[in-house]
Amino acid sequence: YLIMGTDASGNEDAKGEAYQGSMADFLMLMMIDETDKKYGFMPLNRDTVTDIQMIDHNGDLMDYRKLYLCTAHWYGGSKRQSCINTADAVSDFLHGVNGYLAIPMDHISDLNHVLGGVTVTLEDDFSKEDPAMTAGTTLTLTDEQAAIFLRGRMEVGDGENTSRMRRQKAYLQAAISQIQLQSSEDAKFMAKAYQQIMEYATSDMNMNAITKLGQHLDEYESLGFVEIAGETKLGYDRLEDGKEHAEFFADEQSLKDAVFKLFPLKDTGEREED
């Protein structure tokens with residue numbers, strides 16, 4: 001399942017030609033293996049350069065371009081089409097996505113509220129935004145602090161997306177512990193949380209798989225976070241805006257190793273013709 005956090009750069013409340021999808025700032029693949037009782041996560045760099053379908057407002061394919069993974073959500077005529085296009089881009093990149101869940105980053109504070117607050121140790125300094133958020137501090141994030149912690153980038157540390165991905169990973173690890181605690185006290189916690197999240201999310205995910213994972217986290221084997229190595233460098237004018245942008249190019253062997261670790265697949269040695 002592909003989990004997305006979208007920014008507010010688009011015009012997603014409009015319809016027809018006035019619709020403009022937002023960028024997918026946060027991208028995380030979640031794998032649940034109900035047969036072998038395993039789960040794991042794969043963070044995806046929003047700056048990954050890969051094939052993106054440029055689809056129009058009717059959902060028809062206009063062209064393919066090598067663009068940033070986060071831009072796939074730009075295309076389409078509705079929130080659902082933008083999500084599908086992003087899931088398709090990730091699916092082509094990794095060879096398989098079964099569903100998606102998109103949450104506007106404006107609602108990060110609501111997500112934190114549903115979880116009851118998440119406890120993290122701050123590696124970066126956020127004191128300009130909140131005096132309590134100094135580097136080295138361990139605190140249970142308020143809903144407002146969670147938004148600062150997860151969304152901040154250019155004004156925090158080195159300003160790199162990879163640093164923000166590190167914070168998002170730390171938050172998710174802590175959130176899993178919080179979900180375990182909440183689920184142990186309330187067997188219906190995940191179902192209730194899912195219903196609350198769906199008030200502002202766009203998704204085609206199967207709630208049964210999610211709620212089952214929440215109820216049986218202690219019984220499932222965690223594969224942890226499977227990350228893809230690669231090279232980040234500056235690229236010029238890929239968006240035809242006359243600007244430089246960070247570009248991430250995945251290492252093919254690392255990509256293959258990550259996919260095979262997370263998914264129960266076997267390499268047959270066969271290759272499709274282009």
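Contact is taken here to mean heavy atoms within 4.5 Å, and on that basis the surroundings of helix α2 can be described in this predicted model. What covers the buried residues of α2, the helix of residues 108-115, includes strand β6 (100-104) together with the helices α3, α4 (161-185) and α5 (189-197). The residues of α2 that are buried are I108, L111, N112, V114 and L115. These residues cover an arc of only 155° around the axis, which puts them on the same side of α2. In general, an α-helix has 3.6 residues a turn, so residues three or four places apart point the same way. After α2 comes G116, a residue whose phi is positive, near 85°.

Aromatic rings provide a second set of features, and the count of aromatic pairs in the model comes to four. One of these is formed by W74 and Y75, whose rings meet edge-to-face, with 6.5 Å from centre to centre and 70° between the planes. W74 has a relative accessibility of 25% and counts as partly exposed, whereas Y75, at 14%, counts as buried because the cut-off for burial is under 20%. A further pair, that of F126 and F149, is tilted, with 5.8 Å between the centres and an angle of 50° between the planes. F126 belongs to the loop between β7 (119-121) and β8 (138-140), while F149 belongs to helix α3 (residues 143-151), so this pair ties together parts that are 23 residues apart in sequence. F126 is buried, with a relative accessible area of 2%, and F149 likewise counts as buried at 2% relative accessibility. Elsewhere, Y39, F41 and F225 form one aromatic cluster, and the ring of F249 has the charged end of K233 sitting over it, 5.1 Å from the ring centre.

The surroundings of S22 were also examined. This residue is found in the loop between β1 (2-6) and β2 (24-33), and S22 is buried, with a relative accessible area of 3%. The side chain of S22 reaches two backbone atoms, namely the oxygen of D7 at 3.0 Å and the nitrogen of G10 at 3.1 Å. When residues up to four places away in sequence are not counted, S22 touches T6, D7, A8, S9, G10, E12, C70, H73 and W74. W74, which appears in this list of contacts, is also the residue that forms the edge-to-face pair with Y75.

Conventions. Residues numbered from 1 in each chain as written. Predicted model: local features only at pLDDT ≥ 70, side-chain atom pairs only at ≥ 80, totals over all residues. Heavy atoms only, no water. Helix = DSSP H or I, 4+ residues; strand = E, 2+ residues; numbered from the N terminus. Buried < 20%, exposed > 50% of the residue type's maximum accessible area, 1.4 Å probe, protein only. Polar contact = N/O pair within 3.5 Å; in protein donor to acceptor, adjacent residues only side chain to side chain. Phe/Tyr/Trp six-rings, centres within 6.5 Å; stacked < 30°, edge-to-face > 60°. Lys NZ or Arg CZ within 6 Å of the ring centre and 35° of its normal. Arc of directions from axis to C-beta.
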